[in-house]
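Please walk through the structure shown here, beginning with a single residue and then widening the view to a whole chain and to the contact between chains.

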Number of protein chains: 2
Amino acid sequence: MNDPAKMHASEIRSLIRNNELVKPTSGMAHGYTQANLAILKKELAFEFLLFCQRNPKPCPIIDVTDPGSPIPLLAAPGADIRTDIGKYRIYKHGELAEEVTDIMNYWEDDMVAFLIGCSFTFEHPLMNNGISVRHIEEDCNVPMYKTNIPCIKAGRFEGPTVVSMRPIPEKDVVRAVQVTSRFPGVHGAPVHIGNPASIGIQDIHKPDFGDSVTIKEGEVPVFWACGVTPQAVAMHVKPELMITHAPGYMFVSDLRDEKFGII
Amino acid sequence: MNDPAKMHASEIRSLIRNNELVKPTSGMAHGYTQANLAILKKELAFEFLLFCQRNPKPCPIIDVTDPGSPIPLLAAPGADIRTDIGKYRIYKHGELAEEVTDIMNYWEDDMVAFLIGCSFTFEHPLMNNGISVRHIEEDCNVPMYKTNIPCIKAGRFEGPTVVSMRPIPEKDVVRAVQVTSRFPGVHGAPVHIGNPASIGIQDIHKPDFGDSVTIKEGEVPVFWACGVTPQAVAMHVKPELMITHAPGYMFVSDLRDEKFGII
């Protein structure tokens, strides 16, 4: 097989569709935007879209399918959301019911798929600016924390902002703010720099999701709003049926990361 | 009366609510963001929100009220959308039926109000950068044109992008792009620079909406996506009832213009 990092997004999706590449997608199709998935029934779609609109930092929408259509027309018009992700999670009334490699049997005519931006999109620019990303260095998942920063409620959807954390050397903190500010459509600038307790994080070494990473002498913990927020909030509503990607198995879109650079 | 330019947004709204200030709002409450209004029934709200989400340049959402609530919680929690605009237009099946100074008699429990960004927010930064805005100099309305740039369809909502035009001296075009790029949440960077015919505009001196302005020797017409687009598109759907502000009579929010500056 060719190097997945160098493949076009559509080649990656084709391999995934044929169950020939069932792996976490980090590093695949370099330069193409990857996205989180949340599928809800139309009955909840307006409130969820409104929630995302009111909370753009944790919930940056990349694409929303037309009700009943499995095709993400903006993000990848040749894709099918029911087959093109490596692993899906089926949640019933907020409980994980099953993990599957396609959702053909679950798809219904009143479903709406939301693709939500992911921090991969700004991690490459950070690295291109010489700012190393610790969880990539340590080959683990990014540490994520529930905060005391409330999201703005929309209908039944409410809950705290979840953030991801990257330790940044003091001398690079300003540049990290500048670089990520360029990408307001995929979480954008940090929400907090420094003291974890100020945003309700008790123990920086015990993340609520993902893995703990080393914070070295002279490094500052920097926090960005995280795409886990909308899923966590949606789960809280315990919808009859909700489908998401399995952690790490993202949707690989045809959009280039640089498309999200505002200037 | 004090100078309306120096008043707080809430003072302006209070005067408007009491019918003591029924005038176009341009120049009032300097530094506070003004917004276009579109009110639709909930039945159309998801599709309209989706349309705005898919077309963020012409349709930058500032706030969306909860169905049935007249309070724009994010943009001005002390305001009432039914009374705080100077003049409203009532459209029935796409036809202008009436112009009124409040909509208490029209408001229903299933209505959703959309506040949509307006180019006033980036005109002040242009002027602060020494780039004069012609329609302000000439004390008329900005010229607006239908283009051949299609919006991305969402349900029943579809149609062409409407743009506004400002003539910019050649030497200032780069700076105008930079300055407005800072404000992706209120139309952002231009959609086109130069030749009107390239985007389907036949005669630059015959705008489809607003007034024609002088283009001087050495100036380039620069086009920005315009907040008239979503209203024009919604009107095309001929909804049973739709309520908008009357042109020039904008909603004055509590949000500061600089809040929309991304960096």
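**From single residues to the interface**

D139(A) is exposed, with a relative accessible area of 71%, a value that places this residue in the exposed class because the cut-off for that class is over 50%. The model is a predicted one, and every value given here is to be read as computed from it. D139(A) belongs to the loop of chain A that runs between α4 (134-137) and β6 (144-150), and its phi is positive, about 50 degrees, although the residue is not a glycine.

A29(A) can be set beside it. A29(A) also has a positive phi, near 45 degrees, in a residue other than glycine, and it sits in the loop between α1 (9-17) and β1 (32-41) of chain A. Its surroundings are another matter, for A29(A) is buried, with a relative accessible area of 0%, whereas D139(A) is exposed at 71%.

Between these two classes stands A97(A), which is partly exposed with a relative accessible area of 45%; this residue is part of strand β4 of chain A, which covers residues 95-100. Once its neighbours within four places in sequence are left aside, A97(A) is in contact with I90(A), Y91(A) and K92(A). By way of a distance across the chain, the C-alpha atoms of A97(A) and I199(A) are separated by 33 Å, the two residues being 102 residues apart along the chain.

The wider view of chain A follows. Chain A contains 6 helices and 11 strands, and its C-alpha trace spans about 55 × 45 × 35 Å along the principal axes. For 263 residues a compact globule would be expected to have a radius of gyration near 18 Å, and the 18 Å found for chain A therefore agrees with that expectation. Of the 263 residues in the chain, 55% are buried, and among contacts between residues at least 6 apart in sequence, 76% join residues that are at least 24 apart. The chain exposes about 10900 Å², of which carbon and sulfur atoms supply 50%. Its charged side chains number 25 positive and 32 negative, and the centres of the two sets lie 3 Å apart.

Chain B offers two places to look inside. In helix α6 of chain B, residues 228-236, the buried residues are T229(B), P230(B), Q231(B), V233(B), A234(B) and M235(B). These buried residues of α6(B) pack against several elements of chain B, including the helix α2 (42-54) and the strands β1 (32-41), β5 (111-117) and β7 (160-169). After α6(B) comes K238(B), whose phi is positive and near 50 degrees.

The second place is T83(B), found in the loop between β2 (61-64) and β3 of chain B. T83(B) has a relative accessible area of 13% and is therefore buried. Leaving aside neighbours within four places in sequence, its contacts are with I16(B), R17(B), Y88(B), T101(B), D102(B) and M104(B).

What remains is the contact between the two chains. The size of an interface is often given as the accessible area lost when the parts come together. Here chain B and chain A bury about 1900 Å² between them, with 72% of that area on carbon and sulfur atoms. On the side of chain B, the residues that lose the most area to chain A are F46(B), Q53(B) and R54(B), which together account for 32% of what that side buries. In residues, the contact takes 21 from chain B and 21 from chain A.

Technical notes: Residues are numbered from 1 along each chain as its sequence is written. Chains are lettered from A and ligands numbered from 1 in the order in which they are written. This is a predicted model: local features need pLDDT of at least 70, side-chain atom pairs count only at pLDDT 80 or more; totals for chains, interfaces and linings use all residues. Side-chain values use heavy atoms; hydrogens and water are left out. Helices (H or I, at least four residues) and strands (E, at least two) are DSSP runs, numbered from the N terminus. The radius of gyration is taken over C-alpha atoms; the globule rule is 2.2 Å times the number of residues to the power 0.38. Buried means under 20% relative accessible area, exposed over 50%, partly exposed in between (1.4 Å probe, protein chains only). Contact means heavy atoms within 4.5 Å. Accessible areas come from the Shrake-Rupley method with a 1.4 Å probe; for residues, only the protein chains shown count as cover. Lys and Arg count as positive and Asp and Glu as negative; His and the chain ends are not counted. The place of a charge is taken as NZ of Lys, CZ of Arg, CG of Asp or CD of Glu. Buried area is the accessible area (1.4 Å probe) that two parts lose on being put together, summed over both.
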